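The following note is offered to a colleague who will examine the structure alongside the text. The points are numbered for ease of reply.

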Amino acid sequence: APPPVVVRDDDAVARSNLSRQFLYAERDVGSNKAATAAAAVAARFGDAARVAAVPRRIEEATCAEGGPFDDAFWNDVDLVCLAVDSVAARRFVDRAAVARRLPLVDCGTLGSAAYAQPAVPETTESFGATADADDDAAADAAAAAAPACTVRDFPLTAEHVVWWARDRFED
């Protein structure tokens, strides 16, 4: 039987994650997020934790037949918990959950506040049902630029410093 918890992330822990992703510590910088999260669950719950790390992105290619997230994978899923930075990724996973009638909990941060949006088939709206196309385009453009928390707390590039200064000036 597959493990009851599958942690999926193809990204590595960055120093800028530490202020908002409480699972990670300085020692984890550079490590794969899925593997680090799975190891933390296993360390906390021991043999009772059956968790697998899949350091892959969920996208069209990895959801194709024979991919790590094909129909056989989704057939064993009971609940989707989502915490992604990209609106496009959020929409993709939301569509996959809706198509398979799976409940989904989308969570993350909006600035310095946390949020969680549950989507229960035939009970609540999904992310895609509530998203405004114009807002999605603006959110995609903003996400492509840089997460606000990165610019505010860890300006890493010259552009981040300019955005940070502009925001301080406009305040």
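1. Length of helix 1. This is a predicted model, and the note begins with a check on its geometry. At 1.5 Å a residue, the 13 residues of helix 1 should span 18 Å. The C-alpha atoms at the two ends of helix 1 are 18 Å apart, so the expected span and the model agree.

2. Ends of helix 1. Helix 1 covers residues 33-45. The N-terminal end of helix 1 is capped by Asn32, which places a side-chain oxygen 2.9 Å from the backbone nitrogen of Ala34. Just after helix 1 comes Gly46, with a positive phi of about 60°.

3. Buried face of helix 1. Which residues of helix 1 are buried? They are Lys33, Ala34, Thr36, Ala37 and Ala38. Ala34 thus appears twice in this account, as a buried residue and as the residue whose backbone nitrogen lies 2.9 Å from the side-chain oxygen of Asn32. The elements that cover the buried residues of helix 1 include strand 1 and strand 2.

4. Strands 1 and 2. Strand 1 (residues 5-8) and strand 2 (residues 51-54) run parallel and are joined by four bridges. One of the pairings is that of Val5 with Val51, its bridge partner in strand 2. Between these strands the chain passes through helix 1, and the resulting β-α-β crossover is right-handed.

5. Ala52. Strand 2 also contains Ala52. With a relative accessibility of 22%, Ala52 is classed as partly exposed, because the buried class requires a value under 20%. Ala52 is separated from Pro4 by 48 residues in sequence, while their C-alpha atoms are 8.4 Å apart in space.

6. Cysteines. How many disulfides does the structure hold? The number is zero. The closest cysteine sulfur to that of Cys81 belongs to Cys107 and is 6.5 Å away, which is too far for a bond. A disulfide would require the two sulfur atoms to be within 2.5 Å. Cys107, likewise, is in no disulfide, its nearest cysteine sulfur being that of Cys81. As to accessibility, Cys81 is exposed at 58%, whereas Cys107 is partly exposed, with a relative accessible area of 27%.

7. Positive phi at Arg101 and Glu122. Most residues other than glycine have a negative phi. The reviewer may therefore wish to look at two residues with this background in mind. Arg101 has a phi near 55°, a positive value in a residue other than glycine. Arg101 belongs to the loop that connects helix 3 (87-99) with strand 4 (104-110), and its relative accessible area of 53% makes it exposed. Glu122, also a residue other than glycine, has a positive phi near 60°. The position of Glu122 is in the loop between strand 5 (113-119) and helix 4 (127-130), where Glu122 is exposed at 68% relative accessibility.

8. Ser126. Is Ser126 buried or exposed? Ser126 is buried, with a relative accessible area of 14%. Ser126 sits in the loop between strand 5 and helix 4, the loop that also holds the exposed Glu122. Leaving aside residues up to four places away in sequence, Ser126 touches Asp94, Val98, Gln117 and Ala119.

Methods: Residues numbered from 1 in each chain as written. Predicted model: local features only at pLDDT ≥ 70, side-chain atom pairs only at ≥ 80, totals over all residues. Heavy atoms only, no water. Buried < 20%, exposed > 50% of the residue type's maximum accessible area, 1.4 Å probe, protein only. Pairing = 2+ DSSP bridges. Right-handed = clockwise from strand over helix to strand, strands pointing away. Expected span 1.5 Å × (residues − 1). Contact = heavy atoms within 4.5 Å. Polar contact = N/O pair within 3.5 Å; in protein donor to acceptor, adjacent residues only side chain to side chain.
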